[in-house]
Amino acid sequence: MKKRVLIVEDEEKIARVLELELGFEGYDTEKVYSGYDALEKYREGNWDLILLDVMLPEMTGIELLRRIRSADSETPVIMLTAKDSVEDKVSGLDLGANDYITKPFQIEELLARVRAVLRTKQTDDASVLKAGNLILNEQTREVTRGTYEIDLTPREFDLLVYLLKNMRQVLNREQILNAVWGYDYYGDTNVVDVYIRYIRKKIDLEGHASLIHTVRGVGYVLKVNE
């Protein structure tokens with residue numbers, strides 16, 4: 001599937017060059033010329049990357065980035081600026097921009113930066129496991145459900161990782177023990193039930209559906225009930 005890039009640039013000639021060059025590289029692009037149009041276009045769909053000019057009519061790129069980052073910390077943003085000032089660069093990076101490039105720029109450099117940012121995002125995505133609004137990051141060991149941060153012990157974390165990596169698969173206690181505790185564990189298999197109970201207390205928050213389901217006589221399955 002082609003990566004989708006939103007080009008936000010008020011200089012039409014530059015926007016057209018970016019559109020053509022990114023198209024030649026195999027990206028699916030759309031371009032807009034103002035801050036408000038960009039915000040509307042951003043909200044319409046999922047974007048793999050945003051190329052965002054700082055100097056825009058109606059709403060600056062910095063303000064647009066602030067609004068995007070208030071609800072979305074994942075979509076990569078590369079700032080485009082005609083200003084070579086430290087202040088602009090710091091403001092953008094502090095607000096969550098992934099990179100910046102100063103005009104005038106060589107198209108080869110911009111394309112290289114696009115590839116680098118998208119590679120980083122792909123690596124980050126591979127370490128993130130999701131089930132509904134439950135999100136687990138294996139790299140940072142952070143777990144959230146909705147807006148709530150969930151504190152898990154190392155064993156609880158490993159167990160939840162295993163369940164998430166085997167979503168919708170019914171797992172018996174022996175499978176879980178071997179994967180999480182190791183083949184050299186000789187304790188009672190009831191330890192699985194105990195830890196499942198621990199995790200449920202932490203992730204089944206009020207107003208949120210249960211994710212870990214008991215399959216009577218077999219074991220457990222993690223799934224999102226539609």
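## Two hairpins in a row

Start with Leu 134, which stands opposite Arg 145 in strand E8. That pairing belongs to the antiparallel match between E7 and E8 (residues 142–145), which runs over four bridges. Bear in mind that this is a predicted model. E7 and E8 make a hairpin, with four residues separating the two strands. In that turn, Arg 141 has a positive phi of about 60°.

E7 (residues 134–137) also pairs with E6 (residues 128–131), again in the antiparallel sense and over four bridges. Here you can pick out Lys 130, whose bridge partner in E7 is Ile 135. E6 and E7 form a hairpin too, with two residues between them. Gly 132 sits in the turn and has a positive phi of about 60°.

## Just ahead of E6

Ser 127 is in the loop that links helix H5 (107–126) to E6. Is Ser 127 buried or exposed? Its relative accessibility is 6%, so Ser 127 counts as buried, the cut-off for buried being under 20%. Setting aside neighbours within four places in sequence, Ser 127 touches Leu 136, Asn 137, Glu 138 and Gln 139.

## The parallel sheet

Elsewhere in the chain, five strands build an open sheet with parallel pairing, in the order E2-E1-E3-E4-E5. At the edges are E2 (28–32) and E5 (99–102), each of which pairs on one side only. From one strand to the next, the twist averages 20°.

For a look inside the sheet, take E1 (residues 4–8) and E3 (residues 49–53): they run parallel and are joined by four bridges. Ile 7 has Leu 51 of E3 as its bridge partner. There's also a charge over a ring to check out: Arg 4 lies over the face of Trp 47, at 4.0 Å from the ring centre.

## A cluster of rings

How many aromatic pairs are there? The count comes to two. In one of them, the ring centres of Trp 181 and Tyr 195 are 5.4 Å apart and the planes meet at 75°, so this pair is edge-to-face; the cut-off for that label is over 60 degrees. Trp 181 belongs to helix H7 (residues 173–181) and Tyr 195 to helix H8 (residues 190–203), so the pair ties together parts that are 14 residues apart in sequence. With 12% relative accessibility, Trp 181 counts as buried.

Tyr 195 also pairs edge-to-face with Tyr 198, at 5.3 Å centre to centre and with 70° between the planes. Both tyrosines lie in H8, three residues apart, or about one turn of the helix. Tyr 198 comes out as partly exposed, at 38% relative accessibility. Put the ring pairs together and you get a cluster of Trp 181, Tyr 195 and Tyr 198.

## H6 across H8

H8 has a packing partner as well: H6 (residues 154–165) packs with H8 at an angle of about 85°, their axes 10 Å apart. Why is H6 called roughly perpendicular to H8? Because the angle is about 85°, and 65 to 115 degrees counts as roughly perpendicular.

On the H6 side, the contact is made by Arg 155, Glu 156, Leu 159, Leu 160 and Leu 163. H8 brings Tyr 195, Ile 196, Tyr 198, Ile 199 and Lys 202 to the contact. Two names there should look familiar: Tyr 195 and Tyr 198 also belong to the ring cluster with Trp 181.

Definitions and conventions:
Residues are numbered from 1 along each chain as its sequence is written. This is a predicted model: local features need pLDDT of at least 70, side-chain atom pairs count only at pLDDT 80 or more; totals for chains, interfaces and linings use all residues. Side-chain values use heavy atoms; hydrogens and water are left out. Two strands pair if DSSP finds at least two bridges between them. Axes are lines fitted to C-alpha atoms, for helices over the stretch in contact, and angles run from 0 to 180 degrees between N-to-C directions. Rings of Phe, Tyr and Trp (its six-membered ring) pair if their centres lie within 6.5 Å; planes under 30 degrees apart count as stacked, over 60 as edge-to-face and the rest as tilted. Buried means under 20% relative accessible area, exposed over 50%, partly exposed in between (1.4 Å probe, protein chains only). A charge sits over a ring if NZ of Lys or CZ of Arg is within 6 Å of the ring centre and within 35 degrees of the ring normal. Contact means heavy atoms within 4.5 Å.
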